[in-house]
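Open your viewer and set it to colour by chain. We will take the chains in turn and then visit the place where they meet.

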Amino acid sequence: MPLNLSRLKVLIAEDNSHMRVMVREVLIHFGVSTIQECKDGSDALTLLKNWQPDIIFMDWMMEPMDGLEFTRTIRMDPTSPNPYIPIIMLTGHTELHRIFEARDAGVTEFLAKPVTANGVYARIKSVIENPRPFIKTDRYLGPSRRRRQEHVGAVNRRKTPPDDTCLAI
Amino acid sequence: MTNSDKSDDEKDAVKIIKPPHPIKDKVSGSGGPTPEMLAKAQAAIAKMSDDYPGWAMEDVQKLEQLILDAKPGVGNGRDQMRDAFKLAHDMRGQGGSFGFPLMTRIANSFCRFVEGLASIDQGALDICMAHVNAMRAILQNNVRGTGGPLGAQIADGLELAVQKYTDKHK
């Protein structure tokens with residue numbers, strides 16, 4: 001049985017109106033009925049003062065506030081309405097250093113453009129079925145950047161930094 | 001003790017939080033989309049792709065103007081090339097999303113080229129313009145998909161030009 005998403009509330013923040021409509025249409029066909037849209041991160045922050053979505057689809061490159069700055073703000077700002085909200089980053093960036101940058105800002109999932117219906121569904125499913133614990137340090141609040149958990153008591157033989165590249169792409 | 005007095009370990013003290021997960025209560029089911037759902041979603045995207053050449057052409061014209069405005073010398077076209085990168089970056093994501101992956105490939109080649117440019121000269125601007133001309137041809141001829149052997153030849157040629165220029169200016 002497919003996911004019944006009819007009670008989900010989704011925010012789409014994307015500066016290109018055509019991409020925005022495309023994501024909205026896909027979500028509607030997957031059963032999401034409550035969708036709001038905005039053009040950049042600052043619009044999204046304004047909207048979130050009075051409305052709480054369950055998931056945010058957020059483009060990376062937007063002005064004046066891009067998706068990374070929005071994510072850092074929502075995760076770290078003391079006035080954030082919900083620092084734990086799942087954020088799915090839409091982007092044409094596919095270079096590894098960009099993925100790390102998004103991960104380090106606190107993005108939950110990474111959906112590389114070109115966007116496909118399957119990709120949208122898969123990211124929503126992952127957010128729902130595979131929630132990750134959050135890590136809080138002085139400099140970071142966001143989903144654990146390790147997807148695979150080491151079992152308790154495991155000997156850490158790693159000599160290099162952990163491979164955190166398993167964000168869904 | 002102020003934050004600056006803390007050791008690096010203390011600064012990096014890690015707290016693991018299990019956040020609330022209210023979505024789980026709102027959603028039932030667990031499988032993938034039904035073929036019907038998927039087909040309808042894909043049909044909605046396909047329908048939108050009919051309009052893509054029209055609005056994407058406006059972006060190609062903007063890109064062309066930015067390159068025409070970029071001049072070697074004072075300012076070295078830095079502002080124009082930065083804006084051109086942003087525009088081409090968006091086009092890179094949109095092309096494939098709307099059924100024009102050849103646009104994505106050429107926009108990607110453009111982005112990689114511009115991103116690596118330390119300064120511009122006429123040769124660099126010519127390569128940029130060749131990308132723009134290829135994009136325009138794709139849209140005018142409604143070249144969907146990868147464009148077949150001709151599409152590959154055009155994209156290969158642009159990527160080779162980028163490679164040669166980059167190698168020469170290392």
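How many helices and strands are there in chain B? Select chain B and show it as a cartoon: there are eight helices and one strand, where helices (H or I, at least four residues) and strands (E, at least two) are DSSP runs numbered from the N terminus. Trace chain B along its sequence and you meet the pattern α-β-α-α-α-α-α-α-α.

Before going further, a word on what you are viewing: this is a predicted model, in which local features need pLDDT of at least 70 and side-chain atom pairs count only at pLDDT 80 or more, while totals for chains, interfaces and linings use all residues. Residues are numbered from 1 along each chain as its sequence is written, chains are lettered from A and ligands numbered from 1 in the order in which they are written, and side-chain values use heavy atoms, with hydrogens and water left out.

**Still on chain B**

Colour chain B by burial. Of its 170 residues, 41% are buried, meaning under 20% relative accessible area (1.4 Å probe, protein chains only). Now switch on the surface: chain B exposes about 9,200 Å², and 54% of that belongs to carbon and sulfur atoms (Shrake-Rupley method, 1.4 Å probe).

**Next, select chain A**

Here you will find five helices and seven strands. Their order along the sequence is β-α-β-α-β-α-β-α-β-α-β-β. Buried residues make up 51% of the 169 residues in chain A, and its accessible surface is about 7,600 Å², with carbon and sulfur atoms contributing 50%.

**Now show both chains together**

Select the residues in contact (heavy atoms within 4.5 Å): 49 come from chain A and 46 from chain B. Together the chains bury about 4,100 Å², 62% of it on carbon and sulfur atoms; this is the accessible area (1.4 Å probe) that the two parts lose on being put together, summed over both. Show A:His18, A:His29 and A:Met61 as sticks: they supply 13% of the area that chain A buries against chain B, more than any other three residues.

**Last stop: the charged pairs**

Which side chain does A:Arg98 meet in a salt bridge? Zoom in and you will see B:Glu115, at 2.9 Å from N to O. Between chain A and chain B there are five salt bridges, each a side-chain nitrogen of Lys or Arg within 4 Å of a carboxyl oxygen of Asp or Glu. To finish, highlight α1 (17-29), α5 (117-129) and β6 (134-136) of chain A, the elements that give two or more residues to the side touching chain B.

Technical notes: Buried < 20%, exposed > 50% of the residue type's maximum accessible area, 1.4 Å probe, protein only.
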